[in-house]
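Here is a short tour of one protein model, written for someone meeting it for the first time. Have a look at the structure, then read on.

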Amino acid sequence: MVTRKEKRECEKDTNYFFELEKVRKHFFKNLDDKLNGINDPRHQSYVTYNSDILLMMTILKNAFDLKSMRSMTDQFNKDECIHNFQKIVGCSELKELPHYDTINDFLSRLEPTELEKIRTYMIKQLLAKRCFDRYRINGKYWGIIIDGTGLFSFQQKHCDHCLRREYTDKATGEKKTVYMHHVLEAKLVVGDMVLSIASEFIENESEDVSKQDCELKAFYRLAKKIKQAFKRLPICILGDSLYACEGVFTQCDKYGWKYMMRFKEGRIKSVAKEFQDIKAMENLSEDICWVNDIAYNQRTLNILEYHFVKNQEKKTFTFITNIKVTNRNARKLIHAGRSRWKIENQGFNRQKNIRYHIEHASSRHYVAMKNHYLLTQIADILMQLFENGSKALKHFKKTAKEISSILLEAIRTRKLTDEDIQQLANPIQIRFT
């Protein structure tokens, strides 16, 4: 057993920021060029800092679990930080790091589609490396989890795009309005990782719309965005019972996608009744049972049901899918269907309560808020790969908070050398377990 002293001695030689850079360069060797090659909205004659500096600072601010932009400026205000940024972006003329006001001004003018392109590049790089192929559903389809979450809420109107919810104060009877911003996420699920591939903000076009935007409306926009970015990718959409409806089925059919949704009582009553009738007629009472080819409108659907006991309580999960269920794939499909919960646990809960603080508005500007969120998703892709693939982190087991803390300490106290930068070009091997 390794003693605490031996562990300290081993960690003395480990530069965690350098380890993070090794992972970043391994998977995304052209990321710096992508960050610097965006359509920069600023007048170039007035530009002091290139876009790669501004964007990389914000990405690392998220990775290092710095809650506010002000704390980022304070924590990065060290000669060692400036030196390390010089090295990773290849800019020896960098004498000071930009103030957070400079970054927020830039993000308020940057089109969010520019950051979406960078995220698409990252996901395509991961798929091209084929290191996650074993996680495909039925050996073919990539599981994409769809779900929405709240980001910001305000007591006063924030902008014309706010969602609004009225409620009555039980104590006073006074009616109040809460103004909110929500987002619909699409995340690629590979093992224990959920990696953002697309985001669609749930927002009103203007203040005076007759009907507010909602999660289902946003799904159709999100689906179009995914199809445009990943035209030939074989996809299986994973979602809760909200998405078990004709409109979603039609959209998936149009794009050639498979789907697997949670199926609850009250959704598509004709299909539910036929499933129950066939179950009773054929006496399907095993822990896993299914019925294929139930007619619904112009298609057939398949129902898969799973019974299990947890904490002495009997539970049932039912799924609706257009993938044919067989003895060979039934359990694997159940595992895929239940993985939808990972967007809540490894996804939203992690980003709200453990790292990133996505409910904290790093800017009140409407466009900058979106860009901050997208940069968080980019940082999260990088950090999940680092946490699950770094040999150093596998050896020294650490929590997410500890990882962010040691990364911040490393960039503030340990200077990267020219030899380190040269070493980043060397190939490394990363295995995910």
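## A well-covered helix

Let's start with helix α6, where C81, I82, H83, N84, F85, Q86, I88 and V89 are buried. Keep in mind as you look around that this is a predicted model. The helix runs over residues 79–89, and with eight of its eleven residues buried, α6 is mostly covered.

So what covers the buried residues of α6? The list includes α2 (16–27), α3 (31–36), α4 (51–63), α5 (69–75) and α16 (400–413). Once you get just past the end of α6, check out G90, which takes a positive phi of about 65°.

## Two of the covering helices meet

Both α2 and α16 help to cover the buried residues of α6, and these two helices also touch one another: Y16, F17 and L20 in α2 meet I406, L407, A410 and I411 in α16. What kinds of residues make up this contact of α2 with α16? Seven are nonpolar, while no polar and no charged ones take part.

How do the axes of α2 and α16 cross? They come within 7 Å and cross at roughly 100°. Angles of 65 to 115 degrees count as roughly perpendicular, so that is the label for α2 and α16.

## A hidden threonine

Helix α4 is another of the elements covering α6, and T58 is found in α4. Is T58 buried or exposed? Its relative accessibility is 0%, and buried means under 20%, so T58 counts as buried. If you leave aside its neighbours within four places in sequence, T58 is in contact with I103, H372 and L375.

## Salt bridges across the chain

Now for some charged pairs. Searching the whole structure turns up 31 salt bridges. One of them joins the side chains of D192 and K342, at 3.7 Å from N to O. This pair links distant parts of the chain, 150 residues apart: D192 is in the loop between β3 (175–190) and β4 (193–202), and K342 is in helix α13 (residues 342–354). The two partners fall into opposite classes: D192 counts as exposed at 54% relative accessibility, whereas K342 counts as buried at 15%.

Next up is K279, which forms a salt bridge with E305; the closest N and O atoms are 2.7 Å apart. K279 lies in helix α11 (residues 269–282) and E305 in strand β8 (residues 299–310), so this salt bridge ties together parts that are 26 residues apart in sequence. Here K279 counts as buried, at 14% relative accessibility, and E305 is buried too, with a relative accessible area of 5%.

## One more pair, and a network

K324 and D293 give you another example, their side chains meeting in a salt bridge at 3.5 Å from N to O. Because K324 lies in the loop between β9 (313–321) and α12 (330–338) and D293 in strand β7 (residues 288–296), the pair ties together parts that are 31 residues apart in sequence. K324 counts as partly exposed, at 49% relative accessibility, and D293 is also partly exposed, at 47%.

Salt bridges don't have to come as separate pairs, either. Which residues are joined into one network by salt bridges that share partners? They are E116, E200, D213, R221 and K225.

Methods
Residues are numbered from 1 along each chain as its sequence is written. This is a predicted model: local features need pLDDT of at least 70, side-chain atom pairs count only at pLDDT 80 or more; totals for chains, interfaces and linings use all residues. Side-chain values use heavy atoms; hydrogens and water are left out. Buried means under 20% relative accessible area, exposed over 50%, partly exposed in between (1.4 Å probe, protein chains only). Helices (H or I, at least four residues) and strands (E, at least two) are DSSP runs, numbered from the N terminus. Contact means heavy atoms within 4.5 Å. A salt bridge is a side-chain nitrogen of Lys or Arg within 4 Å of a carboxyl oxygen of Asp or Glu. Axes are lines fitted to C-alpha atoms, for helices over the stretch in contact, and angles run from 0 to 180 degrees between N-to-C directions. Angles under 35 degrees count as roughly parallel, over 145 as roughly antiparallel, 65 to 115 as roughly perpendicular and the rest as oblique. Ala, Val, Leu, Ile, Met, Phe, Trp, Tyr, Cys and Pro count as nonpolar, Asp, Glu, Lys and Arg as charged, and the others, Gly among them, as polar.
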